[in-house]
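Me: Please take a close look at one part of this model for me. I am after the aromatic pairs and whatever surrounds them.

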Amino acid sequence: MDNAVPVDSPPVRASAASAPDIGARSRPPAGTPRPEHFGGHPMVGTFFYDGKPLGGKSTYCTGSVVHTAAHDIVLTAGHCGRGLQRATHRIFVPQYRDGLSAAHQPRGVFAVSRMYIDPRYVANTKKPTSDLDLAFAQVGPNNRGKVEDVTGALTFAPTTNYTHKVTVIGYPSSERVNSKHQAIRCPVTTSRLPGYRQVRMTCTGFYGGVSGGPWIEDYNRTTGTGKVVGNTGGYNGGGNDANDDWVTYAPIYGKEAKDLFNDAAAHRTVGARPPYHPSTYRPVLPGPAGTWQHARLLSSGDFTGSNQFNCETTMYTDTGATRLGIEHTLVAATS
């Protein structure tokens, strides 16, 4: 979803949650929300670098300022960070305004001085290390001060939970899908991306360029503040194999993300990491496939008499008696 590669890089397909200049490859389900274009927030912006000049026809990735003692750290996606890492000239522009020069941007521009990326991460992979698709940019001050002092910041919030009510923000890069280069936002509830330490959401309009954008819990629509629990990215660069604009992923911040954040916050060189141990979670039916060829009955209802439903899907082993057998959770409760 970064929709850009350095000029010296081999040709690659634009990262997947969506190709930049096309509509959805498949039609979203009825009721899928649509994003709102809005004026953005001071702590969320976009990047420009070699070949992607400020004021051009496209932006690069999305980034958000996160609170640190140094007041100079911007969160984005790992695959965005790889492009920035190789660039010669690179800037972060908070609350970007199309048509304005660098001198007239609302908060000015901030030069990227250093990138922090987990060395195990491979850009736009579908492998388990896509869980590590986040990066931090260290930016220098401008004539107004350090970036966090100028813009404010989100709170970086590691979590073990996969269900969150968040607002996802991003800057679709191409003028063909975002003619005024405005930020978009969409309030959604996340669910787990099976087999990965990642979450997914559905909302239309998330084309290339939104990569790195924050997934904000406890979001304040007026100030833009809240806790960032994920960033657009992950499997295949942040989206499904069909390049649908309405399916988007984000890594959940566990120990690896926290360690990287600590390195960035301390301006510390990112050292070697041990081999990454992927999630062992697989939403598969218990037993061999042949077992399920004989399934004959599917039932739903309030088995506990509580008159409460939590959207959990379970199956029970047949005991041949009136009592239920062992419960197997197929899809965990969403609330």
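How many aromatic pairs does a search of the whole structure find?

Reply: This is a predicted model, so every value here is computed from predicted coordinates. A search of the whole structure finds nine aromatic pairs. One of them is formed by Phe136 and Phe156. Their ring centres are 5.6 Å apart and their planes meet at 75 degrees, so the pair is edge-to-face. Planes over 60 degrees apart count as edge-to-face. Phe136 belongs to strand β7 and Phe156 to strand β8, so the pair ties together parts that are 20 residues apart in sequence. Phe136 is buried, and Phe156 is buried too. The pair also has aromatic company: Phe136, Phe156, Tyr253 and Phe261 make up one cluster.

Now the contacts of Phe156. Neighbours within four places in sequence are left aside here. Phe156 then touches Val66, Leu134, Val228, Ala257 and Lys258, as well as its cluster mates Phe136, Tyr253 and Phe261.

Next, the core. The largest nonpolar core has 49 residues. Phe136 and Phe156 are among the residues with the most contacts inside this core, together with Phe47, Val66 and Leu134. Many elements feed the core: β2, β4, α1, β5, β6, β7, α2 (147-151) and α3 (255-265) each supply at least two residues. Strand β6 gives the largest share, five residues. Apart from this core lies another, of 16 residues. Val168, Ile184, Cys186 and Val210 are among its members.

Helix α1 is one of the contributors to the largest core. Seven of its nine residues are buried, so the helix is largely enclosed by the rest of the structure. The buried ones are Gly78, His79, Cys80, Gly81, Arg82, Gly83 and Leu84. They pack against five strands: β2, β4 (73-76), β5 (90-94), β6 (110-117) and β7 (135-139). The last of these, β7, is the strand that holds Phe136.

Helix α1 is also held by a covalent link. A search of the whole structure finds two disulfides. One joins Cys61 and Cys80, with sulfur atoms 2.1 Å apart. This link is left-handed, with -85 degrees about the S-S bond. It connects distant parts of the chain, 19 residues apart. Cys61 sits in the loop between β2 (44-49) and β3 (62-65), and Cys80 in helix α1 (residues 78-86). Both Cys61 and Cys80 are buried.

Cys186 and Cys203 form a disulfide as well, with an S to S distance of 2.1 Å. Here the link is right-handed, at 100 degrees about the S-S bond. This pair too links distant parts of the chain, 17 residues apart. Cys186 lies in strand β10 (residues 183-189), while Cys203 is in the loop between β12 (198-202) and β13 (214-217). Cys186 and Cys203 are buried. Taking the bonded cysteines in sequence order, the pairing is 1-2, 3-4.

Back to the strand of Phe156. Strand β8 belongs to an open sheet of six strands with mixed pairing, in the order β1-β10-β9-β13-β14-β8. β1 (36-38) and β8 (155-156) stand at its edges with a single partner strand each, so one side of each has no neighbour in the sheet. At the β1 edge, three bridges join β1 to β10, and the two strands run antiparallel. His37 stands opposite Ile184 of β10 there. Ile184 is also listed in the core of 16 residues.

Two rings carry a charged neighbour. Arg185 lies over the face of Phe38, 3.9 Å from the ring centre. The charged end of Arg192 sits over the ring of Tyr162, at 4.1 Å from its centre.

Arg192 leads on to strand β11 (residues 191-192), which pairs with β12 in the antiparallel sense through two bridges. Ser191 faces Arg200 of β12 across this pairing. The hairpin of β11 and β12 has five residues between the strands, and Gly195 there takes a positive phi near 90 degrees. β12 also pairs with strand β15 (residues 247-251), antiparallel, over five bridges. In that pairing, Thr202 has Val247 as its bridge partner.

To close on the pair itself: Phe136 and Phe156 are edge-to-face, both buried, and part of a cluster with Tyr253 and Phe261.

Technical notes. Residues numbered from 1 in each chain as written. Predicted model: local features only at pLDDT ≥ 70, side-chain atom pairs only at ≥ 80, totals over all residues. Heavy atoms only, no water. Disulfide = S-S within 2.5 Å. Helix = DSSP H or I, 4+ residues; strand = E, 2+ residues; numbered from the N terminus. Buried < 20%, exposed > 50% of the residue type's maximum accessible area, 1.4 Å probe, protein only. Pairing = 2+ DSSP bridges. Contact = heavy atoms within 4.5 Å. Phe/Tyr/Trp six-rings, centres within 6.5 Å; stacked < 30°, edge-to-face > 60°. Lys NZ or Arg CZ within 6 Å of the ring centre and 35° of its normal. Core = buried A, V, L, I, M, F, W, Y, C linked by side-chain atoms within 4.5 Å.
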